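Here is a briefing on one protein chain. Keep the sequence and the 3D view open while you read.

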Amino acid sequence: RPDGYMLIPLDAFVDVVSLMGGVEFDVPMDMFYEDPSQDLYIDLKEGYQLLDGDKAMQLVRWRKNMDPKTYKILSDHSSGDVGRLKIQQDFLKAVLKQTLQLKNVTKIGQLAQLFGENVTSDLSIENLFWFGSQAIMGGLNADNVTFTTMPYYGGGYGEYTAKVYPNRKALLTLINESL
């Protein structure tokens, strides 16, 4: 069981990135996708750039490219959900790196207020401040943070869903070797 959880609404994600003045990130490829039914419009160019909250949301929601002329999915450029996870993990590392910069330490109060107003969690404000102070005072370095995707087995597809199941043996090995 997880020790705690946080549920961060999409709007709060946009606000956090905007409060930090954007996040510098190397977009790995041109990303284009439109889905009016979700009010989802992604149009990012490859390269190192400062992403504001809206562009950051486009980045973390992207998982496949669409030809901007024909609106057909380009399967040779699509990396699906696993590719999206890698980009999200890389982006979170960039957010962490930028959050730990001295210029953003002064925004801790504003970030705490934003979290308090928008985030659902079983962690108290005191817990969050403790974690934050331990990270800052303990010398947390974003380069020492590792993200990983849970080892899994594909379980098949249903209508609008894909099912995956934990590979328990591989997951136990990962936990024992990483923590």
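What follows covers the core, a hairpin, the salt bridges, a surface patch and some single residues.

The model is predicted. Its largest nonpolar core has 27 residues. The count of salt bridges comes to three. E3 and E4 form a hairpin.

**Nonpolar core**

- Phe13, Met31, Leu51, Leu59 and Phe91 have the most contacts inside the largest nonpolar core.
- Several helices each supply at least two residues of this core: H1 (10-19), H2 (53-61), H3 (80-99) and H5.
- Strands E2 (23-27), E3 (31-35) and E4 (40-44) each supply at least two core residues as well.
- What does Phe91 touch, not counting residues up to four places away in sequence? Its partners include Phe13, Val17, Val23 and Phe25. Phe91 also touches Leu51, Ala56, Leu59 and Val60.

**The E3-E4 hairpin**

- E3 and E4 run antiparallel, and five bridges join them.
- One pairing to look for is Phe32 with its bridge partner Asp43 in E4.
- Four residues lie between the two strands of the hairpin.
- Asp39 sits in this loop between E3 and E4. Asp39 is not a glycine, yet it has a positive phi of about 55°.
- Asp39 counts as exposed because its relative accessible area is 59%, and exposed means over 50%.
- Side chains alternate along E4. Leu40, Ile42 and Leu44 point to one face and are buried. Tyr41 and Asp43 point to the other face and are not buried.

**Salt bridges**

- Lys45 pairs with Asp43. Their closest N and O atoms are 3.9 Å apart, and the cut-off for a salt bridge is 4 Å.
- Lys45 is exposed, at 52% relative accessibility. Asp43 is partly exposed, at 40%.
- Asp43 thus appears twice: it is the bridge partner of Phe32, and it forms a salt bridge with Lys45.
- Lys86 and Asp90 meet in a salt bridge at 2.8 Å, N to O. Both residues lie in helix H3, four residues apart, which is about one turn of the helix.
- Lys86 is partly exposed at 47% relative accessibility. Asp90 is partly exposed too, with a relative accessible area of 32%.
- Asp143 and Lys97 meet in a salt bridge at 3.2 Å, N to O. Asp143 lies in the loop between helix H6 (125-137) and E7, while Lys97 is in helix H3, so the pair ties together parts that are 46 residues apart in sequence.
- Lys97 is partly exposed, with a relative accessible area of 43%.

**Surface patch and the E7 region**

- Which residues form a nonpolar patch on the surface? They are Val82, Met150, Tyr152 and Val164. Together they have about 340 Å² of accessible area.
- Tyr152 belongs to strand E7 (residues 152-158). Tyr152 is partly exposed, at 37% relative accessibility.
- Tyr152 is also in contact with Asn167.
- Asn167 is in the loop between strand E8 (161-166) and helix H7 (168-178).
- Is Asn167 buried or exposed? It counts as buried because its relative accessibility is 15%, and buried means under 20%.
- Leaving aside neighbours within four places in sequence, Asn167 contacts Pro151, Tyr152 and Tyr153.

**Tyr5 and its distant partners**

- Tyr5 lies in the segment before strand E1 (6-7). Tyr5 is partly exposed, at 43% relative accessibility.
- Tyr5 and Thr120 are 115 residues apart along the chain. Their C-alpha atoms are separated by 8.2 Å.
- Not counting residues up to four places away in sequence, Tyr5 touches Thr120, Ser121, Asp122 and Leu123.

**Gln113**

- Gln113 is in helix H5 (residues 108-118), one of the helices that supply at least two residues of the core.
- Gln113 itself is partly exposed, with a relative accessible area of 49%.
- How many residues separate Gln113 and Gln98 in sequence? They are 15 residues apart in sequence and 19 Å apart in space, C-alpha to C-alpha.

How values were computed: Residues are numbered from 1 along each chain as its sequence is written. This is a predicted model: local features need pLDDT of at least 70, side-chain atom pairs count only at pLDDT 80 or more; totals for chains, interfaces and linings use all residues. Side-chain values use heavy atoms; hydrogens and water are left out. Buried means under 20% relative accessible area, exposed over 50%, partly exposed in between (1.4 Å probe, protein chains only). A nonpolar core is a set of buried Ala, Val, Leu, Ile, Met, Phe, Trp, Tyr and Cys residues joined through side-chain atoms within 4.5 Å. Contact means heavy atoms within 4.5 Å. Patches are made of residues with over 30% relative accessible area and no salt bridge: like charges are joined within 9 Å, nonpolar side chains (Val, Leu, Ile, Met, Phe, Trp, Tyr) within 5 Å. Accessible areas come from the Shrake-Rupley method with a 1.4 Å probe; for residues, only the protein chains shown count as cover. A salt bridge is a side-chain nitrogen of Lys or Arg within 4 Å of a carboxyl oxygen of Asp or Glu. Two strands pair if DSSP finds at least two bridges between them.
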